[in-house]
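Open your viewer and get ready to click through a short tour. At each stop you will get something to select and a note on what is there.

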Amino acid sequence: MDIGLILALWLHTLAFVIAWGDYGVLGRIILPALARSLDDASQVSTLAAVERRALPLVGVSLLMFMVTGTYLLVSDPEYAGLGDVLASIWTTMMLVKHLLVVALVAMGVLIDRSIRRAATATVSTDRDQTLRHVSLGAEAATGLGALIVLVTAIGQAS
């Protein structure tokens, strides 16, 4: 039993759940609750406060995800190196997974920028439109996370 491998897998999975879960909670719980109970200006200020609290946790989770993921990748006997992504289904799925992770991180940056833009908007139609973009972005990020889990499962099952 390799304790280092177990610890790395646990931390890797935990970090992904924290980072990905932030978008799911945002899109499915926080935004709908804010929309039902607050006006647009109050929604935006509350959302900006939530984002300020979540961002450090998500950032640390992504860093932990990258560090543990790198360890897991290079320590796996299936890993054939950066240039041989078609060596097996596993290596191909890991490439697809990493491309999806990059897309998920990019989506997170766009969501954060949209929240900041909404917080500085002076016109209510701009705030409303930006809130819709944040909601769509959170849904897209949640979907990307689900695809990452699926691709990982395919790779592990191969």
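The stops below go from the helices and pockets to the aromatic rings and the nonpolar core.

**Stop 1: four helices**

Keep in mind that this model is predicted. Begin by selecting helix H1 (3–37), helix H2 (40–75), helix H3 (89–120) and helix H4 (124–157), and give each a colour of its own; each supplies at least two residues of the lining of the largest pocket.

**Stop 2: the largest pocket**

Now select Leu9, His12, Leu72, Lys97 and Gln156. Of the 22 residues that line the largest pocket, these lie nearest its centre. The pocket's volume is about 480 Å³. Which helix gives the most to this lining? The answer is H2, with six residues. If you colour the lining by class, expect 12 nonpolar, seven polar and three charged residues.

**Stop 3: the second largest pocket**

Next, select His12, Leu62, Phe65, Met66, Gly69, Thr70, Leu73, Val74, His98, Val101, Val102 and Val105, which line the second largest pocket. H2 and H3 are the elements that give two or more residues to this lining, and H2 has the largest share, with seven residues. The space inside comes to about 250 Å³. How many charged residues are in the lining of this second largest pocket? There are none: by class, eight residues are nonpolar and four are polar. You may recognise His12 here, a lining residue of the second largest pocket that is also among those nearest the centre of the largest one.

**Stop 4: the aromatic rings**

Leave Phe65 selected from the previous lining and add Phe16 and Trp20. Together, Phe16, Trp20 and Phe65 make up one aromatic cluster. Across the whole structure, a search finds two aromatic pairs.

**Stop 5: the nonpolar core**

In soluble globular proteins, nonpolar side chains tend to be buried together. To look at this model's largest nonpolar core, select Leu26, Leu47, Leu104, Ile111 and Val134; of the core's 30 residues, these touch the most other members. H1, H2, H3 and H4 each give two or more residues to this core, and H3 provides the largest share, 10 residues.

Finish by zooming in on Val134. What does Val134 contact, leaving aside its neighbours within four places in sequence? Show Leu26, Leu31, Leu47, Ile111, Ser114 and Ile115, and you will have its contacts on screen. Leu26, Leu47 and Ile111 should look familiar, since you selected them a moment ago among the core residues that touch the most other members.

Technical notes
Residues are numbered from 1 along each chain as its sequence is written. This is a predicted model: local features need pLDDT of at least 70, side-chain atom pairs count only at pLDDT 80 or more; totals for chains, interfaces and linings use all residues. Side-chain values use heavy atoms; hydrogens and water are left out. On a 1 Å grid over the protein atoms alone, a cavity is a set of points where a 1.4 Å probe fits but cannot get out, and a pocket is an open set with protein on both sides within 12 Å along at least five of seven lines; lining residues have an atom within 4 Å of a point. Grid points are joined across faces, edges and corners, and a volume is the space filled by probe spheres set on the points. Ala, Val, Leu, Ile, Met, Phe, Trp, Tyr, Cys and Pro count as nonpolar, Asp, Glu, Lys and Arg as charged, and the others, Gly among them, as polar. Rings of Phe, Tyr and Trp (its six-membered ring) pair if their centres lie within 6.5 Å; planes under 30 degrees apart count as stacked, over 60 as edge-to-face and the rest as tilted. A nonpolar core is a set of buried Ala, Val, Leu, Ile, Met, Phe, Trp, Tyr and Cys residues joined through side-chain atoms within 4.5 Å. Buried means under 20% relative accessible area, exposed over 50%, partly exposed in between (1.4 Å probe, protein chains only). Contact means heavy atoms within 4.5 Å.
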